[in-house]
Amino acid sequence: MSNQPMRLVVVGAAGRMGKALVRAVSENPDAVLHAAIEREGSPFVGQDSGEVAGLTPNGLPITTDALEAFVKAQGVLDFTAPAATVAFSALAAQARLVHVVGTTGMNEADLERLDAAARHAVVVRSGNFSLGVNMLAALVKRAAASLGTDWDIEIVEMHHRMKVDAPSGTALMLGAAAAEGRGISLSNSAVRARDGHTGARVEGTIGFQALRGGSVIGDHTVILAGNGERIELRHIAEDRGLFAQGAVKAALWGLGRKPGHYSMDDILGLTETA
């Protein structure tokens, strides 16, 4: 493997996560920002990507030409929107890049497109690139496997007022961990909202509550409630930069690996032990 820093493209470079990703790349000696991409019509196009991210100028203006950027890059960091991520996945597959995907709100059709791209590219996708959250998911999976269905599982998450999808990708990731621990399907057991006269809680279901307000970066609590006792497992994100740093590490991990669809479990070695 080359001793040169990995050339990374940040898409959605002027967004909250995009700016954090630009900063994270600049802080990692094993990576270098190759290009910064924004959508057509963005007021940030043409501006210095370093300045937009709150850094000193880096001489790389934000552009809209992802195809040109991908040609000579080695990886792409993508926390955009489902439609954009699907389009970027096709370009990343053509260029044989490492595609790190932190986009949330993707449906089954979107994920199928990512699986298709992963036949030609290294795709690392996670609902959360934080070490703490992924360890939390491992704990949730183990707890759900050990406790019976008479222990109710509820997942409560809160994010800033501008977040557009609910439940959060991290909440769904934690729900999937609980469902896997119980050997059931999350899609068949999830309860995403309650309103009015709902009747008694159905045993074995996994509930979700999404709160939005202020500038909260990310707060997730998994409640396992039994008769006369309960367990609460919680993660609080205090700095958006931790997700960006994890994404850069994921890209570096993926460099030189065989094409495939990977997760943070693979990076952290939790696949067999979770």
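**Entry 1: the sheet**

I started with the strands of this predicted model. Six of them make an open sheet, and reading across I get β2-β1-β3-β4-β5-β11, with parallel pairing. At the edges I find β2 and β11 (260–262), each with a pairing partner on one side only. I also looked up the twist: neighbouring strands are turned by 20° against each other on average, direction ignored. A note to myself on pairing in general: strands of a sheet are held together through backbone hydrogen bonds, parallel or antiparallel.

**Entry 2: from β1 to β3**

Next I checked how β1 meets β3 (residues 75–78). The two pair in the parallel sense over four bridges. I picked V9 to follow, and its bridge partner in β3 is V76.

**Entry 3: β4 and its neighbours**

I then moved on to β4. On one side, four bridges join β3 to β4, and these strands run parallel. The bridge partner of L77 here is V100, in β4. To get from β3 to β4 the chain goes through α4, and that β-α-β crossover is right-handed.

On to β5: β4 is joined to it by four bridges, again in parallel. V101 has R125 of β5 as its bridge partner. The chain passes through helix α5 (residues 108–117) on the way from β4 to β5, in another right-handed β-α-β crossover.

Which way do the β4 side chains point? I see V98 and V100 going one way and H99 and V101 the other, and all are buried. That fits the general rule that side chains in a regular strand alternate between the two faces of the sheet.

**Entry 4: helices lying across the sheet**

I looked at two helices here. Helix α4 (residues 82–95) lies across β1, β3 and β4, and runs at about 165° to β4. Helix α9 lies across β1, β2, β3, β4, β5 and β11, at about 150° to β4.

**Entry 5: the cores**

Which residues have the most contacts inside the largest nonpolar core? They are L77 and V100, in a core of 35 residues. I listed the elements that give two or more residues to this core: β1 (6–11), α1 (16–27), β2 (31–37), β4 (98–101), β5 (122–125) and α9 (241–254). The biggest giver is α9, with seven residues.

I went back to V100 for its contacts. Leaving out residues up to four places away in sequence, V100 touches V76, L77, D78, V124, F129, A247, A250 and A251.

Last lookup of the day: there is a second, separate core of 21 residues, and L136, A137, V140 and I153 are among them.

Notes
Residues are numbered from 1 along each chain as its sequence is written. This is a predicted model: local features need pLDDT of at least 70, side-chain atom pairs count only at pLDDT 80 or more; totals for chains, interfaces and linings use all residues. Side-chain values use heavy atoms; hydrogens and water are left out. A nonpolar core is a set of buried Ala, Val, Leu, Ile, Met, Phe, Trp, Tyr and Cys residues joined through side-chain atoms within 4.5 Å. Buried means under 20% relative accessible area, exposed over 50%, partly exposed in between (1.4 Å probe, protein chains only). Contact means heavy atoms within 4.5 Å. Two strands pair if DSSP finds at least two bridges between them. Axes are lines fitted to C-alpha atoms, for helices over the stretch in contact, and angles run from 0 to 180 degrees between N-to-C directions. A crossover is right-handed if, with the strands pointing away from the viewer, the path from the first strand over the helix to the second runs clockwise.
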